[in-house]
Structures are given as C-alpha cells and as structure tokens.
Amino acid sequence: MLQDFPQGKDLPGHEPPGVNGGNPIGLNSQTTKASHRGLPLVREIVSLLVALLLVLFVAFDAFRAWSSFGEQSDQLAVTQEIIQKSSQLLADVTDAETGQRGFLLTGAQRYLAPYDRSSANVWSSLDRLAQVTATRANQAERVEKLRPLVKEKLDELQATIEARRKLGPEAALEIVQMGRGRALMDQIRQLCTEMQSVAYARLLRQTTVARSSVNEIALVSVVGSLALFALLVLSVITIQRSIARRAKNLEILKASEESARIAQDWLRTTLESIGDGIIATDAQGGITIMNKVAQSLTGWSGEEALGRELDRVYVAHSEETGQLVENQLTRVLRHGGVGGSSRSLLTSRDGASIAIEESPAPIRDASGGIVGVVVAFRDITERLRVERLERQSALDLAWLGAIVESSGDAIIGENLDGRVTSWNPAAQCIFGYTKVEMIGQPISTISSSGREDEGIRILERIARGEHINQFETVRRTKDGREIHVALTVAPIRDESGNVIGASKTAHDITERIVADEVRRKQEEQLLRSNVDLQRFAYAASHDLREPLRTISVYSQLLERHSCSQLDAEGLSNLKSITAATVRMAQLIDGLLEYSKVDGAGRSSAANVDTTSALGAAVANLRAAIESTGALLTFEPLPVVKGSQMNFIQLFQNLIGNGLKYRSSRPPAIHIAAERSGREWLFSVSDNGQGIAAEYQLQIFELFKRLHGQDYPGSGIGLATCRKIVETLGGRIWVESEPAVGSTFYFTLPAQENTP
C-alpha cells in the first residue's frame, strides 16, 4: 500500500493582503495625523529610510528564495526524466527478452517484432539517460554500469535467436539453461531499481525544499506587506507586486505538487502492474509499501501490513534446512548493497508454503545512506514444476532412446511420405539393412515383392485420424528372404496434435508362424487319434464283453452241475475264474466311463448348476449312504461351465471314495466351494482312513489302488475325476492325514458375471 503524498494546500501566512482591517487608507490617515502633530522631518526621513531598507531586505530575501525555488524546479525535472528513462530502458530490455522467449518457444518469426523494436530503442534510451545523469555522479556511475550489462544481455538474446535458427531449440535451450541471461537481467533490473529508488528519494527532498522556498517567499511577502502597509502609493505598489508574485508561486507550487502526485500515481501503477511481489520498508524495518502481488502471496492486506515489522509479514524459510532466513534489511545492511537473488519458502498468513525467488535491494538517500530496503519476490512454484517436468522429460527421452536402441524388436519411424526417419539396431538385425542405407529411403524397400504394401495404406489411415491395431504382414530382407512380421503402428504428432508420421514396431514371427502350422497339424492328428481311440474303446468294450460273458456263464454252469465231482482245490479255482470275470467286467466298465469324458474341453460346455449335479450323485449313492450311516453336508455351490453328467460322475466318485475308505467311525462328508480370484475352489472332505503323503499323487493314475483286492473297485475313479477337471481347465489334488481324514480339492474357472 502506497502512502499518499501531502496534497496542495494554502500555506499559513498567505492570506491576501487587506484582510483583518489592513487598508492603505487607514495608513494615510495615520500619516496625516502624525504630520499634523508636527513630527520632525527627521522622523519622516528615518521612517522612509527604514521603509526603504525593509523593502531592500524583503526584495533580497524574496529573490534568494525565488532563485532557490527555480533551481529546485530544474532539478525536479531532471529527476523525473531519470525515472522515466530508466523505466523505459528496463521496459525495452524486458520487451526484447519477451520477444526472444516467444521465438525460442515457437520458432515463429512474428515473435521477433517486439525484440527488433525494443533492441533499436534500448541505446537511444540509454544515451538519453546518460545525458540527464551527467550532473549526478552516483546515477552516472550506474548508467556506465548498465552499458556493458545491456550490451551483453542483447548479445545473449541474439546468440540464442541465432542458435534457434541455425541449430534448433535444443542448442538455444542449452544457452538459456546456462543462466547467464537471467543473471544479466537481474543485474539490469537491480540497477534500474536503484536509480529509481535514489531518484524517488531525491524527488521527495526536492519537493520539500521547493515547498520551503515557496513558504519563505510567502512569509517574506506577508512581512513585507505588513511593514510597507504604512507607505502610501509605494506600499500599495509593493503589496500588489507581492500578491502577483505569490499567485505565480502558488501556481508553480501546485504544478510541482501535481507532478509529485502524478509521479506517485505512476509509481503506484508501476508497482501494481509488476508481476513480482514488492515490499519496501523504512530504516527501522517497518513496511511502507506493499503491492497487490505481495499481499496475495503473504496473505496480509496493505492496511494490515502498513507499519508492521518486515519479519512479521514476510516469513521465509530455507529450502535446504527449513530454518528462518536472515531478515532482508539486516542482510542488505550487512552486505552494504544488493544482496543478490536467492530461493526460499515463504510461509503465508494462513500457513501455506510457497516457493519464491527473492531479491533485496537498499533504498538510499542523496548521500548514499541506506534509509530502507525493497524486497522483490516472485512465486516460482510453477517454474519449479516446469523445471522438474523438463528434467523428467529429458530423462524420459534418454530412457526412450536407450529402450529403442536396446529393443529386440525393430522400431522404425516414417513420415507421411512413407520415408524412413529412424531405424534402430534391431531393425538392421531383422531386415539386414543398415541405418545409413534406410534413412530417407521409402519404406517400400522392405516390402514383399508381388504384394500390396500395407505400410502406405496404414499411413493414409493414420493421417485420416483412424486407430490402427497390430497386424501381421510379409516383408523382404536384404538377402531376399521373405519373413513374417507383426507390426504395431502408432501415430507421431506435432505440438498441435497433427499427425506427421508413424512409429512401427516390427517383430519377426516367422518361427512362430511355422510352429503354429506344425502345432495345428499335430492337433489335427491328435484329434483324429482321440476319435480313433474312443471308437476303439467302444469296440473293445463290446468285443471283450462277449467272451467274458461266455466264461462267466460256463463257470456258473460248471459250478452248478459239477461241484460234486470237483475237490476243494477245483472249486477254489472255479471261484477264482468267476471272480476274475467279474473284475474284468468292472475294468471294462471303468475304461468305458473314462473314455466317455469329453476331450473337447470347455469349447462345448454349458452352464451347470453344481448343486443340482451333487443332488443327482447323492441320489445314485443313497443305498451306500444309508448302509454306512454316513452324514453328508454341503454348502451352496456355484454355476460353472461343463457337462451335467461329468459333474455327477465327479461328485459320485469323490463321495463314493469317502464312503468306501471309511474308518471305524460313521462317515462324515462335507462339500463346499469358495471364490478365489478368477476360479472356484471346490472341496470334498471326509473323516476316513486318510492317505499317506507318498501316495497322494499316485492315486490319480489309472489302475492305482493302495489296498489291493481288500476293497471293491477298478482303480479308475480318481483318474476319471482328474480327466474331468483338467478337461474343464482346472486342477485336482488331495490333502490328507492318515487316521484323520482326507480333503479332495479341485478348481474350475469362474464366469465373469458371477459373484
């Protein structure tokens, strides 16, 4: 907040003559009375001499005050021109830098217009500034310091522009990142700020001196008017002249005060239009000026901050240590001048932390003494974010380049004309062409002869904005071989989003194509073999049943009619033959059931309610459940893909296994299922005899039986269970402890739309 300068007022003691009863007629009357009293002529002569001396004194003192006022008016004009020209110089350099930044970012020539215009104006502004500061040594010294800085800054701007034109944006960015241009701009800005600060201080002093001169003129005029009031015509003439002089001086004073007000408004407008926060203090550290940007960053309003100590409003901490930074006034006093720019963290009134860059500078009076400090600071949060993004972008580009160069896939860049713009080592390895041979060449160089080039069509489709998926094609290598490649195409866009080319990733899939063809033929052969085996199983079961049936019938007839003729050994052998035929029939039935499991897998599966399939299996085993006194419990089971008959057989075999190999306790069997990711986990638990760890894998193989002929069965049931589960894309296993019980687990894929 800017403090207002005092506005123009009539000074005390400047009331127009004639007020309070002063008039020349009264003086004539008194003079007449005195003469009538017969005063000696000597008194009149003495009075006249005193009046003349008084007139001379008044005239001399008025002339001296007027000369001082005139001199101060001239100095005011010089000071105002110094302020104007230094501001114009800073604005010209800033405009030149703005034009240079626009050209560096875009490469467009039109952004150089402000640069060219400002570069041409800089030297005229600097020369005029040197002329007006010729009589002021400290300001002239600053102007001489500005000349090499301005020249070096303009040379740096020209160097970046030439680098951008000839070498590209990276070269220009490298010069900018050296930081010299920013340092030069900070020094130029600091010198201009010092010149303006000194000029403003001088302007205030000169205004004060001019006002004192006017006050002295007015006082002398009043005293002279009162002293000469007794004089006749001479007094009237003197008073009139004094009045005229006073009016003229008042006009000059008002003009001077108006100039001061304009300068104040200009200063206020300048400070408010600056994008940086500005805080100025007096010699004791009390805040005197605070612009809107500073108010926004600190959270303090101008009225609240005015007069407060700087440390209470401007609270900054070190980025590295988090400690409070040194008071800016103390810092400037310790260094005896500009403290240089630095970074810190500003803590606003609401506790928010803002990254800033700050530059303190002293405010000096005419004698060079420090009478305050001005702190310019800016929010660099966004700049730091951009710098981090630029560093990350550069790192990403480096990573991308390394990935492209080390990739095992060919990565090829093309423009919209179908010509190669990039070619990595893998492309050379796959196609045989080197980078030198391919850069700038049409991509049709590696097109397969006799085939339409898909690459040209792909580029046309990308240019129309279409999305291209991966596709397979045939390409020709340098040695003339044709290879199968999988191409993945992605558009390359410019800053405006326009497609300017395409990036293709090519992978040699010739071996995969050959392997797929071999695998397809093997699958066809395997399918035919499975069909033949299934047919054989049906035929074998039918052909084997007849001789078994004949053996069984004749064994029974022999036992019935010839038992009296056979001894004990013969009867035992006959019973063995009968038992073997029954066992053989069971094996044939088991093999037939095993072969019936659908080998097509899930391709022909339907939705199956496994709870319903479990109910059907329990119904088939009802007699065995009742005879053993078994307790059967189950939880709700899901709907999965498969065959109803296969699930009935699966549950029937697993439950039957628990009933068959029961312990001395009544059987207790529990069936459950739970969702585990993308599959269902089923469990069938019993409290039977259990299975030793070394046999837990063998029991799922064909004809593997742990108890020999002690228990009925063919040894195919669990193998059938494994075939059913694996056909549906799952797996089956058992966890068991002897004399405690067993739990058979199997998994099945879950449907996506089921919970």
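This report walks through the fold of a predicted model, from its overall make-up to one sheet and its surroundings.

## The whole protein

Let's start with the broad view. The protein has 755 residues, and 38% of them count as buried. Its secondary structure comprises 21 helices and 18 strands. The accessible surface comes to about 41,700 Å², and carbon and sulfur atoms account for 56% of that area.

How do contacts spread along the chain? Among those between residues at least 6 apart in sequence, 63% join residues at least 24 apart.

## Two nonpolar cores

The largest nonpolar core has 44 residues, and Leu-89, Leu-129, Leu-146 and Ile-188 have the most contacts inside it. Two or more residues of this core come from each of helix H2 (41-106), helix H3 (113-132), helix H4 (137-166), helix H5 (169-177), helix H6 (180-227), helix H7 (233-273), strand S1 (277-282) and strand S5 (353-364). Apart from this core lies another, of 37 residues, which includes Ala-617, Leu-654, Leu-718 and Leu-748.

If you would like one residue to click on in the largest core, try Leu-129. Leaving aside residues up to four places away in sequence, Leu-129 touches Ile-82, Lys-85, Ser-86, Leu-89, Val-143, Leu-146 and Met-195.

## A five-stranded sheet

Further along the chain, 5 strands make an open sheet with mixed pairing, in the order S13-S15-S16-S18-S17. Strand S13 (631-634) and strand S17 (732-737) are the edge strands; each has a single partner strand, so one side of each is left without a neighbour in the sheet. From one strand to the next, the twist averages 15 degrees.

As a reminder, strands of a sheet pair through backbone hydrogen bonds, either parallel or antiparallel. Both kinds of pairing can be followed here. S13 and strand S15 (residues 668-676) run parallel and are joined by 4 bridges, with Leu-631 having Ala-668 in S15 as its bridge partner. Strand S16 (residues 679-686) and S18 run antiparallel, with 8 bridges between them; Ser-683 stands opposite Tyr-745 in S18.

## Strand S18, its hairpin and helix H21

S17 and S18 are also antiparallel, pairing over 6 bridges. In this pair, Glu-737 has Gly-741 of S18 as its bridge partner. The two strands form a hairpin with 3 residues between them, and Ala-739 in the turn has a positive phi of about 70 degrees.

Why is S18 described as largely enclosed by the rest of the structure? The reason is that 8 of its 9 residues are buried. Helix H21 (residues 717-727) packs on the sheet and touches S17 and strand S18 (741-749), with its direction at about 25 degrees to that of S18.

## Helix H20

Helix H20 (residues 644-660) has 17 residues and spans 24 Å from its first C-alpha to its last, close to the 24 Å expected at 1.5 Å a residue. Is this helix mostly covered or mostly uncovered? H20 is mostly covered, with 12 of its 17 residues buried. Among the buried ones are Phe-647, Ile-648, Leu-650, Phe-651, Leu-654 and Ile-655, along with the polar-named Asn-646 and Gln-649.

## The loop at Gly-629

Gly-629 sits in the loop between helix H19 (622-628) and S13. Its relative accessible area is 44%, so Gly-629 counts as partly exposed.

Which residues does Gly-629 touch, not counting those up to four places away in sequence? The answer is Pro-666 and Pro-667. The C-alpha atoms of Gly-629 and Arg-665 are separated by 9.7 Å, while these two residues are 36 residues apart along the chain.

Definitions and conventions: Residues numbered from 1 in each chain as written. Predicted model: local features only at pLDDT ≥ 70, side-chain atom pairs only at ≥ 80, totals over all residues. Heavy atoms only, no water. Core = buried A, V, L, I, M, F, W, Y, C linked by side-chain atoms within 4.5 Å. Buried < 20%, exposed > 50% of the residue type's maximum accessible area, 1.4 Å probe, protein only. Contact = heavy atoms within 4.5 Å. Areas by Shrake-Rupley, 256 points an atom, 1.4 Å probe, with all protein chains shown as cover. Expected span 1.5 Å × (residues − 1). Pairing = 2+ DSSP bridges. Axes fitted to C-alpha atoms, helices over the stretch in contact; angles between N-to-C directions.
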